[in-house]
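Work through the exercises below with the model open beside you, and try each task before you read its solution.

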Protein chains: 2
Amino acid sequence: MSTEEKILQAAMDIFLEKGLHGTKMQEIADKAEINKAMLHYYFRSKEKLYAHVFEIVFKHVFEELHQIFTSEESFETQVHTFVNKYIDLIKNNPRIPLFIIRELGQGGEVAANTFKNAIAAENYMLPHSFIVAAKNAVETKQIKPVDPRHLLITLLGSCVFFFIAEPMISVFLNNDPSFNREMFINQRKNEIINVLLNGIKP
Amino acid sequence: MSTEEKILQAAMDIFLEKGLHGTKMQEIADKAEINKAMLHYYFRSKEKLYAHVFEIVFKHVFEELHQIFTSEESFETQVHTFVNKYIDLIKNNPRIPLFIIRELGQGGEVAANTFKNAIAAENYMLPHSFIVAAKNAVETKQIKPVDPRHLLITLLGSCVFFFIAEPMISVFLNNDPSFNREMFINQRKNEIINVLLNGIKP
DNA sequence: ACTATATTTAACCAATTGGTTAAATTATAT
DNA sequence: ATATAATTTAACCAATTGGTTAAATATAGT
C-alpha cells in the first residue's frame with residue numbers, strides 16, 4: 001500500500017466517524033502510520049483531503065442507486081428495489097448518513113461542489129435518472145400525476161431520516177423494552193414502500 | 001434586559017447560525033455586549049450554555065406541533081395541519097432544521113437528553129400524541145392499518161429533508177432557470193399531503 | 001558513481017480558544 | 001454607614017492544532 005493510499009484509507013475511516021472538525025490531522029497520521037507532514041505533502045490541506053474523501057464516499061452511494069432507475073423494470077419495481085438497496089447500504093455503512101449530514105450542517109459547500117462536478121461530468125446522476133423514470137411512469141399512467149422532484153425528495157427523506165435522527169428517535173422507541181432495531185429497520189423498508197407506492201397509484 | 005437574558009439571546013442567535021463548534025464564546029460576549037467571563041459566571045461552560053439554548057429551541061418547535069394531534073379534528077385534517085404548520089415554522093425559522101441536524105451530527109447527546117427530560121416531564125410529547133391519534137384512526141378505520149411509529153418518521157422526514165439537504169438539492173433544482181424556491185416549498189406541502197394521505201387511505 | 005528529484009522526518013510556529021483569577025465595582029442588608 | 005455578597009472587568013493561561021521548514025534519506029536517471 002503506497003503512502004498516499006494509506007493516508008486516504010485512514011482519512012476516510014476517521015472523517016466518516018468524526019466529520020471534518022472532529023478529525024485531527026495527527027490522528028489520521030497516527031492511524032496511517034506516517035508522518036503528519038506527509039498529509040500536507042500529498043494533499044496540501046485538511047480541507048482538500050476532506051473533499052477528496054467526501055467525493056469517494058458520495059460516489060460510492062450515488063453510483064449504485066443511480067443504476068436502479070436506468071433498468072428496464074417497471075417504475076414500481078424500481079422504487080421497491082431502491083428502498084431496499086438504499087436502506088441495506090446504510091445498514092452496511094452506518095456512518096454514511098451522518099457523514100453527509102454533518103457536511104450539509106457545515107454549509108454543504110464541499111457537497112455542493114461534488115454534486116456540481118458530478119452533473120458536469122454527467123456521472124452517476126441519480127436525480128436525473130429518477131426523474132426521467134418517474135416522468136415516463138406518469139406519461140404511461142403507471143402512476144398518477146406527481147411532481148417527480150418532490151417524489152424523489154419524499155423518497156430520500158423517508159429512507160434516511162430515521163438514521164439521521166436516530167439518537168432522538170431511539171430514546172422514544174426504546175420505551176418499549178421489546179424494541180428490536182434490526183427488525184424495525186426491516187419493517188421500515190416495507191412501510192415506506194407500502195405508503196409511497198400506494199400514495200402514487202393511479 | 002438582564003445580563004443573563006442578553007447572554008441567552010446572543011447565544012441563541014449565534015448557536016442557531018453556526019452550531020456548537022462554529023460558535024466562539026468571545027463572539028457571544030461581543031454580541032451580548034458583556035465581558036466573556038460573564039458567560040462562565042452565569043452558565044459555567046460552553047456546553048451548558050449550548051444545552052440551555054438547545055432546549056429552548058427544541059421546546060419551541062415541539063410544543064406547537066404536539067398540540068395539533070390533541071385536537072378533536074379528524075386524523076386526516078390533523079396531518080394536513082401538521083404539514084402546513086411544520087413547513088411554515090421552518091420557513092419562518094430557517095436555521096432550526098440545520099441547528100438540530102448539526103446537533104444530531106455531533107452525536108446528539110444534548111438532543112437525546114433534552115428528549116429524555118421532555119418524556120420524564122410528560123411535556124410537549126409530539127411522538128406520543130401523534131401515535132395515540134394514529135392508532136385511533138386505524139381502529140376507527142379512518143386509515144388503513146399502518147405502524148404509527150413509521151408513519152411519524154416518514155412524515156417528519158418528508159417535511160424536513162428538503163431543508164436539510166437543500167445545499168445539494170438546490171444545485172440540481174437550479175438547473176431550471178425558472179425555479180422559484182418559495183413556490184417550490186408551497187408545492188412541497190401539497191405533494192406531501194397528497195402522497196401520504198393517499199398512501200394511508202383505507 | 002554521481003546528480004537530480006522525490007519522499008520522509010523531527011522540530012518548530014503562530015493562531016485560536018475555552019476557561020481562570022484576582023482585583024474592582026455595584027447592590028443588598030443590617 | 002458599613003460589612004457582606006453579588007456582579008463585572010481585564011489580564012492571563014494552558015492546551016490544541018493546522019501548517020511549515022530545513023535537513024536527512026531514498027529513488028531514479030545518466
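**Exercise 1. A base contact and its surroundings**

Find the group on DNA strand D that the side chain of A:Lys36 approaches, and then describe the protein surface around that strand.

*Solution.* Begin at the side chain of A:Lys36, where an N or O atom lies 2.5 Å from a base oxygen of DNA strand D; this distance comes from a predicted model. The next step is to look at the phosphates of DNA strand D, where a polar side-chain atom of A:Lys24 is 3.2 Å from a phosphate oxygen, and where the side chain of B:Tyr41 brings an N or O atom to 2.8 Å from a phosphate oxygen. Having placed these contacts, turn to the elements: H3 and helix H4 (46-68) of chain A, together with H3 of chain B, are those that give two or more residues to the surface near DNA strand D. H3(B) gives the most, with 4 residues.

Now widen the view to the whole surface, in which 15 residues surround DNA strand D, the closest being A:Lys24, A:Lys36, A:Lys46, B:Tyr41 and B:Tyr42. Sorted by class, the surface near DNA strand D has 6 nonpolar, 5 polar and 4 charged residues. On the DNA side, 58% of the atoms of strand D within 4 Å of the protein belong to sugar or phosphate, and the rest belong to bases.

**Exercise 2. The surface around strand C**

Determine which element gives the most residues to the surface near DNA strand C, starting from the phosphate contacts.

*Solution.* Take the side-chain contacts first: an N or O atom in the side chain of A:Thr3 is 2.9 Å from a phosphate oxygen of DNA strand C, and a polar side-chain atom of A:Tyr42 also lies 2.9 Å from a phosphate oxygen of that strand. Then add a backbone contact, in which a polar backbone atom of B:Met25 is 3.0 Å from a phosphate oxygen of DNA strand C. The elements that give two or more residues to this surface are helix H3 (36-43) of chain A, and helix H3 (36-43) and helix H4 (46-68) of chain B. Of the elements, H3(A) gives the most, with 4 residues. In total, 15 residues surround DNA strand C, and the closest are A:Met38, A:Tyr41, B:Lys24, B:Lys36 and B:Lys46.

**Exercise 3. The largest pocket**

Describe the lining of the largest pocket by element and by class.

*Solution.* The largest pocket holds about 340 Å³ of space. Its lining is made of 16 residues, and those nearest the centre are A:His21, A:Arg102, A:Gln106, B:His21 and B:Gln106. At least two lining residues come from each of helix H1 (3-22) and helix H6 (96-105) of chain A, and likewise from each of helix H1 (3-22) and helix H6 (96-105) of chain B. By class, the lining divides into 2 nonpolar, 10 polar and 4 charged residues.

**Exercise 4. A loop residue**

Decide whether A:Thr23 is buried or exposed, and list what it touches.

*Solution.* Locate A:Thr23 in the loop between H1 and helix H2 (25-32) of chain A. The relative accessible area of A:Thr23 is 0%, which is under 20%, so this residue is buried. Leaving out residues up to four places away in sequence, A:Thr23 touches A:Ile14, A:Phe15, A:Lys18, A:Ile28 and A:Lys46. For A:Ile14 there is a further detail, since the side chain of A:Thr23 reaches the backbone oxygen of A:Ile14 at 3.3 Å.

Methods: Residues numbered from 1 in each chain as written. Chains lettered and ligands numbered in written order. Predicted model: local features only at pLDDT ≥ 70, side-chain atom pairs only at ≥ 80, totals over all residues. Heavy atoms only, no water. Near = heavy atom within 4 Å. Polar contact = N/O pair within 3.5 Å; in protein donor to acceptor, adjacent residues only side chain to side chain. Nonpolar A, V, L, I, M, F, W, Y, C, P; charged D, E, K, R; others polar. 1 Å grid on protein atoms, 1.4 Å probe; cavity = no way out; pocket = protein on both sides within 12 Å on 5 of 7 lines; lining within 4 Å. Points joined across faces, edges and corners; volume = space filled by probe spheres on them. Buried < 20%, exposed > 50% of the residue type's maximum accessible area, 1.4 Å probe, protein only. Contact = heavy atoms within 4.5 Å.
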